[in-house]
Amino acid sequence: MANTILVVEDEEAVITYLTSELQFEGYTVLNATDGQAALEIYESHRGRLDLILLDWMLPGLDGLEVLRRIRKRDDLPVIMMTARDYVGDKVAGLDTGADDYITKPFNIEELLARIRVILRHQQGHQRRAQQLQVADLTLDTTARQVLRQNGLIQLTQREYELLLCLMQHAGQTLTRDELLDAVWGVDFDGQPNIVDVYIRYLRHKVDLITPHLIHTVRGVGYVLSADYR
């Protein structure tokens, strides 16, 4: 299956050039010309994107803000593209969570090589992280299956994402706001108690047997742990 790359760039000529080169290399390419459109495509294709080429200078939300919002949700590889060649800018981009940084104008072969390196690294990481396990609860991120005592648990998409977040941070107390940002997104404008509602849904499916794994930390949030006291 071809890797899917989102190119976020406001210069039409650059988009056309990059799209042509990436498609020639066998990638599936999506385009966005501003920060808000990039986030919308990211949301609608979440889990199906493999990498983002993200320009720094964009109309509306700039690339750095787009990157900040994505990093609150997952570790999707991002290469920043910019005409800014200041060391401070590179440091800011990398500190915000960019996986790499390339300065315009760049050699397309260099960019393609950087993409290949990052995708190889990401695919190796995904193979290693294929299964998450806490006690007798197992989540397979490739098959998107959840089992407890080898029995399959049917979850909705949102329940799965919430459980995935809890299992990725097993033993760590997550606040309601952290869960809300990670699962529903920073722009969610519904009721904050939606987290409590979905925790209750999960408990009815995951914690029907003992030991109970999902625990409430009063006044703080929730933790998934096999030995919570």
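## A walk around helix H2

Start with the whole chain in view: among its contacts with a separation of 6 or more, 59% are between residues 24 or more positions apart. Keep in mind that you are looking at a predicted model. The protein chain holds eight helices and twelve strands, and its C-alpha atoms fill a box of roughly 60 × 35 × 30 Å along the principal axes. Of its 229 residues, 45% count as buried.

**Stop one: helix H2.** Select residues 35-44 and show the side chains. Which residues of H2 are buried? They are Gly 35, Ala 38, Leu 39, Ile 41 and Tyr 42. Now turn the view until you look down the axis of H2: the buried residues fall within an arc of 165°, so they line one face of the helix. The general rule behind such a pattern is that an α-helix has 3.6 residues a turn, so residues three or four places apart point the same way.

To see what that face meets, add strand S1 (4-8), strand S2 (28-32) and helix H3 (63-71); the buried residues of H2 pack against these elements.

**Stop two: the start of H2.** Zoom in on Asp 34, which caps the N-terminal end of H2. If you draw a distance from its side-chain oxygen to the backbone nitrogen of Gln 36, you should find 3.1 Å.

**Stop three: H2 beside H3.** Hide the strands and keep both helices. Their axes are 9 Å apart, and the packing angle is about 25°. That angle makes H2 roughly parallel to H3, because angles under 35 degrees count as such. The crossing of H2 and H3 is right-handed. To display the contact, pick Gly 35, Ala 38, Leu 39 and Tyr 42 on H2, then Val 66, Arg 69 and Ile 70 on H3.

**Stop four: Glu 43.** Return to H2 and select Glu 43, which is found in this helix. Is Glu 43 buried or partly exposed? Its relative accessibility is 41%, so Glu 43 counts as partly exposed. Next, pick Gly 185 as well: the two residues are 142 apart along the chain, yet their C-alpha atoms are separated by 8.7 Å.

**Stop five: H7 and H8.** Finally, select residues 176-184 for helix H7 and 194-206 for helix H8. The two axes come within 9 Å and cross at roughly 80°, which means that H7 is roughly perpendicular to H8. On the H7 side, the contact is made by Arg 176, Leu 179, Leu 180 and Trp 184. On the H8 side, look for Ile 194, Val 195, Asp 196 and Tyr 198.

Technical notes
Residues numbered from 1 in each chain as written. Predicted model: local features only at pLDDT ≥ 70, side-chain atom pairs only at ≥ 80, totals over all residues. Heavy atoms only, no water. Buried < 20%, exposed > 50% of the residue type's maximum accessible area, 1.4 Å probe, protein only. Helix = DSSP H or I, 4+ residues; strand = E, 2+ residues; numbered from the N terminus. Arc of directions from axis to C-beta. Contact = heavy atoms within 4.5 Å. Polar contact = N/O pair within 3.5 Å; in protein donor to acceptor, adjacent residues only side chain to side chain. Axes fitted to C-alpha atoms, helices over the stretch in contact; angles between N-to-C directions. Parallel < 35°, antiparallel > 145°, perpendicular 65-115°, else oblique. Left-handed = near helix turned anticlockwise from the far one by under 90°.
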